[in-house]
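How do the strands and helices of this chain fit together? The explanation below goes through the sheets and the helix packing in turn.

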Amino acid sequence: MSNQRGKVLSFGPFELSIGKRLLTNGTKVVPLGARALDLLVILVEQANEVVGRRTLIERVWPKRGAEQVSLRVHISALRKALDQSDPGRRYIANIPGRGYSFVVPVTSLSAPTAGDL
């Protein structure tokens with residue numbers, strides 16, 4: 001997980017800094033709650049793959065679990081945040097009966113890590 005600290009993923013007008021836990025659109029920070037950000041990281045890292053609902057719940061709520069309604073609420077918040085910054089573009093697809101998929105191309109950007117500074 002240490003190699004994740006400086007990892008920055010780019011999609012559409014956004015940059016997601018995994019180590020800093022920060023989503024930006026240009027110079028603006030996109031406000032996201034912790035759970036929505038966790039979901040975004042999982043989905044973006046597995047872009048164009050279907051990530052099952054149970055997998056998402058187990059990774060975002062590892063100790064206590066959650067109901068599927070909690071997952072839907074956080075996915076909805078995530079979609080709303082992305083849509084406000086990039087209206088009309090679809091980022092997260094619901095795959096009926098299976099889960100969710102991040103459907104926008106993702107590019108990995110290099111970012112300096114503490115060891116590089």
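What follows treats one sheet, then a pair of helices, then a second sheet with the helix that packs on it. The model is predicted.

One sheet is open and has 5 strands, in the order β4-β3-β2-β1-β8, with antiparallel pairing. Its edges are taken by β4, residues 28–29, and β8, residues 107–109. Each of these has a single partner strand, so one side of β4 and one side of β8 lack a neighbour in the sheet. The partner of β8 in this order is β1, which covers residues 8–11. The two strands run antiparallel and are joined by 3 bridges. Within this pair, Ser 10 of β1 stands opposite Thr 107 of β8.

The next element is a helix pair. Helix α1 spans residues 34–45 and helix α2 spans residues 53–60. They pack with their axes 10 Å apart and at an angle of about 130°. Angles over 145 degrees would count as roughly antiparallel and those from 65 to 115 as roughly perpendicular; the angle between α1 and α2 therefore makes the pair oblique. The crossing of α1 and α2 is right-handed.

Which residues make the contact between α1 and α2? From α1 come Arg 35, Asp 38, Leu 39, Ile 42, Leu 43 and Glu 45, and from α2 come Leu 56, Arg 59 and Val 60. By class, the residues of this contact are 5 nonpolar and 4 charged, with no polar ones. Among the charged residues are Arg 35 and Asp 38 in α1 and Arg 59 in α2.

The other sheet is also open, with 3 strands in the order β5-β7-β6 and antiparallel pairing. Here β5 (51–52) and β6 (92–95) are the edge strands. Because each has a single partner strand, one side of each is left without a neighbour in the sheet. Helix α3, residues 68–85, packs on this sheet and touches β6 and β7. The direction of α3 makes about 150° with that of β6.

The pairing of β6 with β7 can be followed residue by residue. Strand β7 covers residues 99–102 and runs antiparallel to β6, with 4 bridges joining the two. Among the bridge partners, Ile 95 is matched with Gly 99 in β7, and Ala 93 is matched with Ser 101 in β7. The two strands form a hairpin with 3 residues between them. In the turn of this hairpin, Gly 97 has a positive phi of about 75°.

Methods. Residues are numbered from 1 along each chain as its sequence is written. This is a predicted model: local features need pLDDT of at least 70, side-chain atom pairs count only at pLDDT 80 or more; totals for chains, interfaces and linings use all residues. Side-chain values use heavy atoms; hydrogens and water are left out. Two strands pair if DSSP finds at least two bridges between them. Axes are lines fitted to C-alpha atoms, for helices over the stretch in contact, and angles run from 0 to 180 degrees between N-to-C directions. Angles under 35 degrees count as roughly parallel, over 145 as roughly antiparallel, 65 to 115 as roughly perpendicular and the rest as oblique. A crossing is left-handed if the near helix is turned anticlockwise from the far one by less than a right angle, and right-handed if clockwise. Contact means heavy atoms within 4.5 Å.
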